[in-house]
Amino acid sequence: MKTIAVIGAGTMGNGIAHTFAQSGFTVKLIDISDASLERGMKTIATNLDRMVAKGTISEDDKHKTIGNIITYTDMKDGVAGADLVVEAATENINLKLKIFEQLEELTNSNVILATNTSSISITQIAAVTKRADKVIGMHFMNPVPIMKLVEIIKGYSTSKETFDTIYNLSKTLGKVPVEVNDYPGFVANRILMPMINEAIETLYNGVAGVEEIDTVMKLGMAHPMGPLQLADFIGLDVCLSILNVMYDGFKNPKYAPNPLLVNMVMAGKLGVKSGEGFYDYAESKKADKVSKQFKS
């Protein structure tokens with residue numbers, strides 16, 4: 001594989017594009033607007049500058065990485081000639097199904113179609129294509145350039161050839177791929193989201209405050225970041241979406257989102273992306289401090 005198309009220039013998409021480009025692949029980054037692509041490329045440049053400052057990469061490496069990325073607002077042009085397409089759009093099942101229907105029409109039948117979904121059924125996504133054997137989950141962790149884990153999720157019809165190709169490709173990116181079967185939430189979020197939801201339940205019941213809950217988990221359980229702070233970075237809307245997918249999939253009340261989480265999302269308190277969640281990120285110094293802690 002030489003050319004990778006990445007759909008979505010948001011947090012996950014620009015991180016995936018960055019990672020492939022830094023590994024020498026030609027990356028075609030696709031989003032619906034020039035403004036979204038500009039923000040994505042700015043984030044990539046900022047993260048590369050941070051890596052240069054730390055001595056992780058050279059200035060020349062930075063320029064080569066940026067030079068490996070081409071941006072597109074037209075899906076047809078963006079996926080043309082791609083050997084692999086990685087979808088990293090919003091965690092919304094209807095949007096993802098629509099994208100994969102388009103990809104079926106716009107790409108050659110031998111192209112592997114991967115999704116970065118963190119919870120949605122690979123089998124369901126594959127069902128809207130005519131190449132279910134070439135559809136696979138490739139769930140990167142955030143921040144993508146730093147985190148080593150990639151969950152490789154096989155749908156019901158995903159072929160061994162497709163799995164082996166993506167598994168080995170992940171290794172070339174310097175990642176650690178882990179084979180996972182197609183169940184709601186996979187492994188990472190099936191374990192993580194109930195923990196975050198329980199932390200919210202603990203806050204909701206008045207057992208302790210936000211900082212107190214996070215401090216217990218950091219100092220008592222050796223977590224690098226407390227669950228409420230982590231929820232803010234993931235995005236409370238994303239957490240809610242994943243919990244809803246698992247609740248719908250398992251029909252088990254332990255996955256039902258806490259009312260506080262539901263209300264915060266309805267109120268637009270989504271975490272870092274909105275400037276306020278369980279913590280207040282409106283103060284730039286405080287936001288910068290937390291952001292550096294997350295990316296260190």
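This is a short talk on the fold of one protein, from its overall form down to a few single residues.

Good morning, everyone. Please keep in mind throughout that what we are looking at is a predicted model, and that the values I mention are computed from it.

Let me start with the whole chain. The protein has 13 helices and eight strands. Its radius of gyration is 19 Å, which is close to the 19 Å that the globule rule gives for 296 residues, so the protein is as compact as a globular protein of that length. If we follow the C-alpha trace along its principal axes, it spans about 55 × 45 × 30 Å. Of the 296 residues, 47% are buried, and the accessible surface comes to about 14,200 Å², with 53% of that surface belonging to carbon and sulfur atoms. When we take the contacts between residues at least 6 apart in sequence, 67% of them join residues that are at least 24 apart.

Now let us go inside, beginning with strand β1, which covers residues 3-7. Is this strand buried or exposed? It is mostly covered, since five of its five residues are buried. You can see this on both faces, with T3, A5 and I7 buried on one side and I4 and V6 buried on the other.

What does β1 pair with? On the one hand, five bridges join β1 to strand β2, residues 26-30, and these two strands run parallel; within that pairing, V6 stands opposite L29 in β2. To get from β1 to β2 the chain passes through helix α1, residues 11-22, and this β-α-β crossover is right-handed. On the other hand, β1 also pairs with strand β4, again in the parallel sense, over four bridges, and here I4 is the residue that stands opposite L84 in β4.

That brings us to β4 itself, residues 84-87, which has both of its faces covered: L84 and V86 are buried on one side, and V85 and E87 are buried on the other. Four bridges join β4 to strand β5, residues 112-115, and these strands run parallel. Which residue of β5 stands opposite L84? That residue is I112, while, as we have just heard, I4 stands opposite L84 from β1. Between β4 and β5 we find helix α5, residues 93-106, and the three elements together make a right-handed β-α-β unit.

L84 comes up once more when we turn to the nonpolar cores. The largest nonpolar core has 33 residues, and those with the most contacts inside it are F20, L84, M138 and F140. If we take F140 and leave aside its neighbours within four places in sequence, we find it in contact with M12, I16, F20, N116, L149, V150 and L173. There is also a second, separate core of 24 residues, which includes I196, A199, I200 and A231.

In the last part I would like to point out some single residues in the loops and helices. A cis peptide bond joins N142 and P143, with omega at about 0 degrees, and P143 lies in the loop between β6, residues 135-140, and β7, residues 149-154.

Next, there are two residues with positive phi that are not glycine, and I will take them one after the other. A222 has a phi near 60 degrees, and it is found in the loop between α9, residues 210-221, and α10, residues 227-234. Why does A222 count as exposed? It does so because its relative accessibility is 64%, and the cut-off for exposed is over 50%. K251 has a phi of about 55 degrees and is found in the loop between α11, residues 236-250, and α12. K251 is exposed as well, with a relative accessible area of 62%.

Finally, we come to P259, whose place is in helix α12, residues 259-266. At 39% relative accessibility, P259 counts as partly exposed, because that value falls between the limits of 20% for buried and 50% for exposed. Along the chain P259 and E201 are 58 residues apart, and yet their C-alpha atoms are separated by 8.5 Å.

That is where I will stop, and I am happy to go back to any of these residues on the screen.

Definitions and conventions: Residues are numbered from 1 along each chain as its sequence is written. This is a predicted model: local features need pLDDT of at least 70, side-chain atom pairs count only at pLDDT 80 or more; totals for chains, interfaces and linings use all residues. Side-chain values use heavy atoms; hydrogens and water are left out. Buried means under 20% relative accessible area, exposed over 50%, partly exposed in between (1.4 Å probe, protein chains only). Two strands pair if DSSP finds at least two bridges between them. A crossover is right-handed if, with the strands pointing away from the viewer, the path from the first strand over the helix to the second runs clockwise. The radius of gyration is taken over C-alpha atoms; the globule rule is 2.2 Å times the number of residues to the power 0.38. Contact means heavy atoms within 4.5 Å. Accessible areas come from the Shrake-Rupley method with a 1.4 Å probe; for residues, only the protein chains shown count as cover. A nonpolar core is a set of buried Ala, Val, Leu, Ile, Met, Phe, Trp, Tyr and Cys residues joined through side-chain atoms within 4.5 Å.
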